[in-house]
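Here's a quick briefing to read alongside the model. Have a look at the fold first, then go through the points below.

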Amino acid sequence: MSDNNKVKGFFKIGDFGNYFVRVFQKPDPSQKSNYNLRMMHGINKISIVVFLLAIIFWIVKRFI
């Protein structure tokens, strides 16, 4: 295995990580969607943003 493949393997995010990338993309018009699904993704977006802000705030408070 070359060094390049080791680095790619280390940063491979898999299905779980791909969800976080996919949730912030524009919805695919060919995919079936309903009100409940859109609300679920909206709440997940808010949760992810609040979590990241809390982590940033904690790091700043801890080290500065």
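How many helices and how many strands does the chain have? There are three helices and zero strands, so reading from the N terminus gives the order α-α-α. Keep in mind that this is a predicted model.

**Confidence**
- Mean pLDDT for the chain is 81, with 81% of the residues at 70 or more.
- Helix α3 has the highest confidence, with a mean of 92, while helix α1 (residues 3–10) has the lowest, at 64.
- Where pLDDT is low, don't read the predicted coordinates in detail.

**Helix α3**
- This helix covers residues 35–63.
- Its 29 residues, at 1.5 Å each, should span 42 Å, and the end C-alpha atoms do sit 42 Å apart, so the two agree.
- At the start of α3, a side-chain oxygen of N34 comes to within 3.3 Å of the backbone nitrogen of N36.

**Surface and burial**
- Of the 64 residues in the chain, just 5% count as buried.
- The chain's accessible surface is about 6400 Å², and carbon and sulfur atoms account for 67% of that.
- There's a nonpolar surface patch of about 1300 Å², with F24, V49, W58, F63 and I64 among the residues that make it.
- F63, which lies in α3, has a relative accessible area of 62%; that is over 50%, so F63 counts as exposed.

Terms used. Residues are numbered from 1 along each chain as its sequence is written. This is a predicted model: local features need pLDDT of at least 70, side-chain atom pairs count only at pLDDT 80 or more; totals for chains, interfaces and linings use all residues. Side-chain values use heavy atoms; hydrogens and water are left out. Patches are made of residues with over 30% relative accessible area and no salt bridge: like charges are joined within 9 Å, nonpolar side chains (Val, Leu, Ile, Met, Phe, Trp, Tyr) within 5 Å. Accessible areas come from the Shrake-Rupley method with a 1.4 Å probe; for residues, only the protein chains shown count as cover. A salt bridge is a side-chain nitrogen of Lys or Arg within 4 Å of a carboxyl oxygen of Asp or Glu. Helices (H or I, at least four residues) and strands (E, at least two) are DSSP runs, numbered from the N terminus. Buried means under 20% relative accessible area, exposed over 50%, partly exposed in between (1.4 Å probe, protein chains only). The expected span of a helix is 1.5 Å times one less than its number of residues. A polar contact is a pair of N or O atoms within 3.5 Å; within protein, one must be able to donate a hydrogen and the other to accept it, and residues adjacent in sequence count only if both atoms are side-chain atoms. pLDDT is the predictor's confidence in each residue, from 0 to 100.
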